[in-house]
Each structure stands twice: as structure tokens, then as C-alpha cells.
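Student: Could you take me through one part of this model in close detail, and then connect it with whatever else can be said about the structure?

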Amino acid sequence: MATEMEELENPEEENKASKEIDEELESEEAMADENPATEAKLQDIPGLGPKSAEQLKGGGVETPAQLMEASLADIEEMGLSRSMAKRLRESVVNEFPDQYSDFVEEKTLEDIDGIGPTTAKALREKGMNIRLLETTPVKELEESYGLTANSAMKYQTAISDAQGGYFIDALTFRNKQRDSPSFTFGAESLDSIFTIEEMGTKGVKAGETYEFFGSFRSGKSQICHQLCVTVQIPPELGGLGKKAIYIDTEGTFSPSRISQMANRLKAELGWDKPVEDILQNIMYARAKNSDMQIGIAHKLKELLGEDGEEYGLLIVDSVSAHFRAEYAGRGSLAERQQTLNNHLSILGRIADTYGLAVVVTNQVQANPAQFFGDPTQAVGGNIMGHWATHRCYLRKSKGEKRVLKVYDSPVIGEVEAVFEITEEGVLTSD
Ligand code: ADP
Ligand code: MG
């Protein structure tokens with residue numbers, strides 16, 4: 001029996017194969033040529049007035065096909081409203097059903113019952129989008145976006161109804177979780193404790209929240225640095241191929257450390273992205289006090305844009321230091337917890353809304369009530385304690401070794417992994 005190799009070595013077979021490929025390519029080209037929407041003029045779109053036609057041409061859209069390819073944001077830049085753009089695209093779908101019957105229009109604020117073009121535009125200017133509107137508390141929509149509580153609730157119900165209501169079955173839910181990708185720590189021992197076969201997870205999962213707490217020099221910032229690199233690794237090599245955001249409250253962020261880690265991972269994986277590009281894909285902000293930290297968190301939605309598609313990771317290192325320093329003394333504890341709580345809930349919403357992995361670090365303090373074992377506990381009390389999906393405790397071990405212990409996670413037991421910090425970054429160890 002001929003093997004596949006032999007078949008290909010047979011010149012007759014080879015000719016036949018390449019002929020088939022040629023024919024396929026030709027027919028694809030022919031199909032592209034046959035798309036009448038690339039040949040047609042804008043005037044062929046029913047309902048398109050001369051003014052809109054001029055505006056579209058000004059933006060480089062000359063044919064119905066180009067109108068279908070543009071994004072709604074681009075068309076809005078050209079001076080048309082989004083609802084107008086959608087109406088025109090509907091006309092194109094009706095005019096050229098053979099080409100566009102599968103076309104799926106972007107969902108935007110205008111699609112929600114009760115939101116007209118003016119409200120949609122005003123909300124968008126404040127950084128609002130359909131996903132964020134669904135998850136922002138009504139009180140905040142009232143205070144920061146000028147909506148009445150009534151309409152805010154009406155819009156939120158409408159968004160949820162459009163997705164089939166609040167409830168989904170657990171199988172659908174599991175499949176959704178499986179669809180959400182994960183990326184490597186760049187250290188096998190850490191990846192292996194964060195491997196959940198059932199959910200297709202290996203490493204850090206998009207859309208989930210992580211807290212790394214531990215004492216000074218336990219490796220919190222080192223892990224954060226490395227994740228900013230690994231999130232950028234292409235998916236086929238274990239990353240997400242996405243950018244990172246680093247909010248630094250302690251001034252310990254180091255681009256040269258990033259370069260060292262990037263060089264190691266590039267060599268190990270055969271990944272050929274220039275280090276300059278890797279650095280350029282990390283957006284950095286230094287928060288000098290807690291107000292600034294909160295302000296930066298509010299600005300994130302502008303950086304993330306409408307869908308945050310470009311980004312895979314948000315780091316806040318450390319999330320608690322300013323709060324701990326500024327709200328000293330028992331008297332201000334309640335106020336501190338309230339402010340920290342608001343800040344954390346915004347970070348959680350970002351993970352949820354944009355599908356970003358959010359990683360925060362936290363310090364530990366001596367717990368005078370504990371006499372045995374490790375007399376340290378994380379800062380931030382219950383508020384911090386209930387925030388992250390995965391809480392991890394880091395501690396120093398012998399030499400360069402460190403231990404990460406999963407402290408509290410809904411899907412992982414209390415397991416430990418050993419890692420090392422060297423010149424090359426955060427490495428696996430046993
Ligand atoms: P923290 O938990 O306080 O954020 P870090 O993550 O910054 O601590 O870890 C600091 C430790 O990382 C240092 O004490 C050192 O052991 C190690 N480290 C940092 N940079 C390097 C390097 N270039 N080479 C080797 N080890 C390093
Ligand atoms: Mg640190």
C-alpha cells in the first residue's frame with residue numbers, strides 16, 4: 001500500500017494535487033470578482049442621501065462592500081450616526097443577500113430599547129459601552145453618567161433579555177469558561193498547579209482575578225513582571241498574544257527586568273518578537289497615592305476602548321500599600337475599607353467586562369493574635385480576603401527558592417509550587 005509520502009512523490013499525483021489547488025484558488029478569485037457589492041456604487045444603496053455619500057467618500061468608503069467592512073466607530077468618525085450606519089448596512093444586506101446574509105452587525109448602545117442616538121453618543125463619550133452598562137451599579141450610572149435609576153435599570157434588564165435572560169444552564173456556562181483562554185506563568189511548576197483540565201486552563205485565566213500576597217522580597221513583583229511578558233506570547237506557544245497594563249504603586253517596575261525575562265522566554269520558545277515591541281506592549285502608570293490609584297483605575301476604560309480586545313492582563317502592584325499607609329490608625333479603618341472596596345470592585349468589573357486577567361499584589365502584616373505557625377496575614381481584612389478568585393501566598397524558602405501556596409480558590413485545593421528567581425526571571429524549581 002502506498003504511503004502518503006509515496007503518493008506525493010508520484011509526479012502524476014502531484015500534478016493532480018496542484019491542479020486541484022489552482023482550480024480552488026481560481027474559483028475563490030472568481031467568487032470575489034462576483035461580489036457585486038465591490039463593483040456597485042454607494043448610490044446603489046437604497047436610503048443613502050447625497051450628504052451621507054459625500055461623508056463616506058471623504059472617509060475612503062466608495063462601495064457597498066467597503067461600507068460592510070468598516071467599523072461603526074470609523075463610520076461615525078466620517079460624520080454619520082451609528083443608527084444611520086446600521087440602517088444603510090441593512091439595506092446592503094437586503095440588496096446583496098447572496099453575499100451578506102450571514103452578516104452580523106456589532107451590538108451597540110443604540111440597540112438597547114429606549115436608548116436613542118443622543119443618549120448613546122453622550123454615554124459613549126464618557127467611556128460607556130454595552131458590556132459596561134450591564135455591569136455598572138445603578139448608583140454609579142446615576143452619579144457619573146447622568147442616568148435616572150429607572151432608566152438605568154430598564155436598560156440593564158433589556159441587555160440581559162437580549163442575551164436570553166439572567167439564567168443559563170451549567171453546561172453552557174462550563175463551555176463558556178472553556179472558551180476563555182489562559183496563559184503561562186513562564187514557569188512549569190506554577191503552571192502545573194494552575195492546570196484545570198476540565199476547563200482547559202493552564203496558567204492564568206482570562207477574565208479571572210488573582211491576588212498574590214506575601215512579605216517583602218517574596219517574589220510578588222517578579223511574577224507580575226513576568227506575566228506582562230508571557231501574556232504577549234502567541235497562543236500557539238502558550239500565551240494570549242495580547243498586551244498588558246501595569247499600575248505600579250511602589251515604584252518598583254523595571255523595564256530592564258522585563259527585557260531579561262523576555263530574552264529568556266524568546267530563546268526558550270523560539271519566539272521572535274523584538275524586545276522593544278514587548279516593552280511597547282506594556283502600558284505603565286505610576287500611582288503616587290491612593291487617590292491617583294483610584295483615578296487611574298477609572299481611566300482604564302478609555303485605555304481599553306470599546307471592547308478591550310487588545311489587552312489580556314491588568315496588574316496592580318501593590319493594590320493595598322497606599323491605603324495602608326494613608327489610612328493609619330483604627331479611627332480611619334472603616335473609611336479605608338470602604339474606599340478599598342470600591343477600588344477592588346472596579347478592578348473586578350474590568351476582569352468581567354473585558355475578559356482581562358486581573359492580578360494584584362498585597363502585603364502581609366504581623367498578626368499579633370497568632371502565636372504558632374506563620375504569624376503573618378494579608379492586609380485588607382475581609383474586603384481583600386473575598387475579592388480574588390484565586391488567592392495565593394508567597395514565601396521565601398532556601399536560597400533563591402520561593403514557595404507559592406494556593407490559599408483560597410474555588411477550583412484548586414491548597415497546593416504548593418516551588419519556583420526560583422534568577423537573572424533570567426521566574427523559573428520552575430522542585
Ligand atoms: P516583592 O514580593 O517584595 O514584590 P520581588 O518580586 O521584587 O519582591 O522580589 C525581589 C527578589 O527578586 C530579590 O530579593 C531578588 O532575590 C530577586 N531578583 C530581582 N531581580 C533579580 C535579578 N535580576 N536577578 C536575580 N534575582 C533577582
Ligand atoms: Mg514588590
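Tutor: Before turning to a pair of helices, we need one convention: angles between axes that are under 35 degrees count as roughly parallel, those over 145 as roughly antiparallel, those from 65 to 115 as roughly perpendicular, and the rest as oblique. In this predicted model, the axes of helix 11, residues 138-145, and helix 12, residues 149-162, come within 9 Å and cross at roughly 125°. Helix 11 and helix 12 are therefore oblique to each other, and helix 11 passes helix 12 in a right-handed crossing.

The other part to look at is the surroundings of ligand 1. There are 15 residues around ligand 1, and those that come nearest are Arg217, Gly219, Lys220, Ser221 and Gln222. Polar backbone atoms take part here: one of arginine 217 lies 2.7 Å from an oxygen atom of ligand 1, one of glutamine 222 lies 2.8 Å from an oxygen atom of the ligand, and one of glutamate 423 lies 3.4 Å from a nitrogen atom of the ligand. On its own, ligand 1 has 570 Å² of accessible area, of which the protein covers 75%.

As for the elements that build this shell, helix 15 (220-230), helix 16 (255-269) and strand 14 (416-422) each supply at least two of its residues, and helix 15 gives the most, with 3 residues. By residue class, the shell around ligand 1 consists of 7 polar, 6 charged and 2 nonpolar residues.

Methods. Residues are numbered from 1 along each chain as its sequence is written. Chains are lettered from A and ligands numbered from 1 in the order in which they are written. This is a predicted model: local features need pLDDT of at least 70, side-chain atom pairs count only at pLDDT 80 or more; totals for chains, interfaces and linings use all residues. Side-chain values use heavy atoms; hydrogens and water are left out. A residue is near a molecule or strand if one of its heavy atoms lies within 4 Å of it. A polar contact is a pair of N or O atoms within 3.5 Å; within protein, one must be able to donate a hydrogen and the other to accept it, and residues adjacent in sequence count only if both atoms are side-chain atoms. Accessible areas come from the Shrake-Rupley method with a 1.4 Å probe; for residues, only the protein chains shown count as cover. Helices (H or I, at least four residues) and strands (E, at least two) are DSSP runs, numbered from the N terminus. Ala, Val, Leu, Ile, Met, Phe, Trp, Tyr, Cys and Pro count as nonpolar, Asp, Glu, Lys and Arg as charged, and the others, Gly among them, as polar. Axes are lines fitted to C-alpha atoms, for helices over the stretch in contact, and angles run from 0 to 180 degrees between N-to-C directions. A crossing is left-handed if the near helix is turned anticlockwise from the far one by less than a right angle, and right-handed if clockwise.
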